[in-house]
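Could you walk me through this protein in the viewer, one selection at a time? I would like to know what to pick next and what is there.

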Amino acid sequence: MHIEVTGLNKHFGQFHAVKDVSFTIEKGHLIGLLGPSGGGKTSILRMLAGLESPDAGDILFHGRRVNDLPPQERGIGFVFQNYALFKHMTVYDNIAFGLKIKKQSKEQIRNRVMELVELTGLKGFEQRYPHQLSGGQRQRVAFARALAPEPQLLLLDEPFAAIDAKIRQELRSWLRDLIERVGITSIFVTHDQDEAIEVADEIMIISQGRVEQKGTPWDIYKQPQTPFVASFIGESSIVENIHELRGFENASDWLNTKALIRPEYIEIGQLYEFPIASATEKGRIKHIHFRGSEWMVEVEVRGNTLITYRSLEKEVLHPGDDIVVLVHRAYLFNDHDSWIMENR
Ligand code: ATP
């Protein structure tokens, strides 16, 4: 289903929770709504579902305005973190539920349930009850139940939030695969950037009721348009006085400029192996944190500016070492615009 949303607004009392939100979603795409808690993601999803009505704005499904359609007539499937399965029903009956409401024949229901059991990897579990399943299996039943009536839009609100990290990881690629096979337009709410990057075709970053940026995960990562996006997606150090860094003197031409530097755009070296040149800075290693597969090295330059470098080896670096730093690229932002600046 092709989705078009324009000028969506929602207040709760005095509080303006969703502010002029507009976007489109291509048929068959999986969109991740990503942002901090309280930003308005769930409110947007609930308005699409018809569980909440907007104060202003239009919601179009396939070009048809659905603002006044009740949820059950919108052709939507839901999987919510707390949208529990029916505890007293077997897996089979849970999946069959929406089909019985549609008054399908026993034979039709059986065929569709078996198809979904196959699709979601639940074959052999049909007669179990929810309490006899793991958290991951239960969520797969929830997906099968949501997909059974052949909805045209699937809304997922933190569907894996209550699941252990390891299983959650498996479910992400499982979901990606499932959505590709079914080919259904889907919207996925999460506050976990890794989850959004891994699962979604496109990400919409939502903060304080607004869309900060929409694009493919890679576009957003390499070309963040606001400081919020740059610090929310991937890692970066904020540098207030970028024009004082060698190679970035031109940044002083822009007033009120803030800069962010990603760890992969800096290089460091020992004084003897990396001679001071016009584009390099002297620095000192302040802290080193172990991260499992890598070391995050905090480097102090120009007095009190800290920038983070990522290293795969620690033995060669020590806090207090004097080093040379080369910053290749910075993201610059002022109130209106963003640029990528390369070291001259
Ligand atoms: P989370 O990740 O925590 O679910 P979210 O981005 O989905 O956050 P929403 O749940 O949409 O955010 O909430 C946006 C804001 O609107 C929050 O400040 C929330 O407290 C407020 N809000 C949501 N629903 C209501 C309601 N029914 N009545 C009053 N305020 C509400």
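Start with the whole chain: of the 344 residues of the protein, 34% count as buried, meaning that 20 or more other C-beta atoms, placed from the backbone, lie within 10 Å of the residue's own. This is a predicted model, in which local features need pLDDT of at least 70 and side-chain atom pairs count only at pLDDT 80 or more, while totals for chains, interfaces and linings use all residues. Residue numbers run from 1 along each chain as its sequence is written.

Turn on the C-alpha trace, which spans about 80 × 45 × 35 Å along its principal axes. A cartoon view shows 8 helices and 19 strands; these are DSSP runs numbered from the N terminus, with helices being H or I of at least four residues and strands E of at least two. Among contacts with a separation of 6 or more, 65% join residues 24 or more positions apart, a contact being two residues whose C-beta atoms, placed from the backbone, lie within 7 Å.

Next, colour 3–231 as domain 1 and 235–342 as domain 2; the bounds come from an automatic or database domain assignment. Their C-alpha centres lie 39 Å apart. The contact between them takes 6 residues from domain 1 and 7 residues from domain 2. On the domain 1 side, these are 3 nonpolar, 3 polar and no charged (nonpolar: Ala, Val, Leu, Ile, Met, Phe, Trp, Tyr, Cys and Pro; charged: Asp, Glu, Lys and Arg; polar: the others, Gly among them).

Now select the ligand and its surroundings. The residues around the ligand (C-beta atom, placed from the backbone, within 6 Å of it) include Phe-12, Phe-15, Gly-38, Lys-41, Thr-42 and His-191. Two or more residues of this shell come from each of β2 (15–25) and α1 (41–49), and α1 gives the largest share, 3 residues. By class, the shell has 3 nonpolar, 8 polar and 1 charged residues.

For the last stop, pick the open sheet of 5 strands, ordered β13-β17-β14-β15-β16 with antiparallel pairing; two strands pair if DSSP finds at least two bridges between them. At its edges, β13 (266–270) and β16 (305–311) each pair on one side only. Neighbouring strands are turned by 45 degrees against each other on average, direction ignored, using axes that are lines fitted to C-alpha atoms. Zoom in on β14 (residues 281–290) and β15 (residues 295–301), an antiparallel pair with 7 bridges. Which residue of β15 is the bridge partner of His-287? Select Glu-298 to see that partner.

Conventions. Buried ≥ 20, exposed ≤ 12 C-beta atoms within 10 Å, placed from the backbone. Axes fitted to C-alpha atoms, helices over the stretch in contact; angles between N-to-C directions.
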